[in-house]
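I opened this entry to record what I looked up in the structure. My topics were confidence, the sheet, and the packing of helices.

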Amino acid sequence: ARLLAHCNVTQLWREDRTGPNAGRRDAGPSEVVPVAGKYRPWAELVVDMKELEALYPRFARVHVIGQTTEGRDILALKIAADPGTDDRAKPEVVFVGVHHAREWISAEVTMGVAEFVLCSLNSSRIAELVEQAELWFVPVLNVDGFVYTFEDGRDE
């Protein structure tokens, strides 16, 4: 449900750019990231990635792209016209967050861009992009380090 609220904010932002308030700078993506004014821990990001997959099954699929040294899955959300297949003829664009453990905002930015793309599929420009390319979103590359920084007392 929280992700659907994000789509509504995205829609308002788009309308402000094309409607009677065009050109106003009082609304935009910065209002939706980070969600609820906090950074999401790994478990919450995983739930949100799976929720996006459930909300957009035709365009989004969560893939395991590797494992960490501590055995955690490294996840990517693929957004494409057919996210279940590997179309080597299409260009791939990869968005990667949290290379280093405390880069929390980079996970939010990566997820925010993925959510924006999915919420904007009714836009001809976004639909064309999703049709012509494969978009990969890896919100947290360094899962072990990210999880470590959220442990008791380390998130300050």
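I count two strands as paired if DSSP finds at least two bridges between them. The model is predicted, and I read the sheet with that in mind.

**Sheet.** I looked up the strand order first. Four strands form an open sheet, which I read as S1-S2-S4-S3, with mixed pairing. Which strands stand at the edges? I found strand S1 (60-67) and strand S3 (92-96) there; each has a single partner strand, so one side of each is left without a neighbour in the sheet. On average, I noted a turn of 25° between neighbouring strands of this sheet, direction ignored.

I then followed the pairing of S3. S3 and strand S4 (residues 134-138) run parallel and are joined by five bridges. For Val96, I located the bridge partner in S4 as Val138.

**Helix on sheet.** I next asked which strands H2 touches. H2 packs on the sheet through contacts with S1, strand S2 (73-79) and S4. I noted that the direction of H2 makes about 30° with that of S2.

**Helix on helix.** I turned to helix H2 (residues 42-55) and helix H3 (residues 104-119). Their axes lie 11 Å apart, and the packing angle is about 15°. Angles under 35 degrees count as roughly parallel, and H2 and H3 are therefore roughly parallel to each other. I recorded the crossing of H2 past H3 as left-handed.

I listed the residues that make this contact. H2 contributes Leu45, Asp48, Met49 and Leu52, while H3 contributes Ala107, Met111, Glu115 and Leu118. By class, I entered six nonpolar, two charged and no polar residues for the contact of H2 with H3.

**Confidence.** I checked the pLDDT last. The protein averages 82, and 73% of the residues score at least 70. Which elements have the lowest and the highest mean pLDDT? Among the elements of the protein, helix H1 (residues 2-18) has the lowest, 49, and S2 the highest, 98. Over residues 9-36 I found the pLDDT below 50; this stretch has 30 contacts in the model beyond near neighbours in sequence. Where pLDDT is low, the predicted coordinates should not be read in detail.

Terms used
Residues are numbered from 1 along each chain as its sequence is written. This is a predicted model: local features need pLDDT of at least 70, side-chain atom pairs count only at pLDDT 80 or more; totals for chains, interfaces and linings use all residues. Side-chain values use heavy atoms; hydrogens and water are left out. Axes are lines fitted to C-alpha atoms, for helices over the stretch in contact, and angles run from 0 to 180 degrees between N-to-C directions. Helices (H or I, at least four residues) and strands (E, at least two) are DSSP runs, numbered from the N terminus. Angles under 35 degrees count as roughly parallel, over 145 as roughly antiparallel, 65 to 115 as roughly perpendicular and the rest as oblique. A crossing is left-handed if the near helix is turned anticlockwise from the far one by less than a right angle, and right-handed if clockwise. Contact means heavy atoms within 4.5 Å. Ala, Val, Leu, Ile, Met, Phe, Trp, Tyr, Cys and Pro count as nonpolar, Asp, Glu, Lys and Arg as charged, and the others, Gly among them, as polar. pLDDT is the predictor's confidence in each residue, from 0 to 100.
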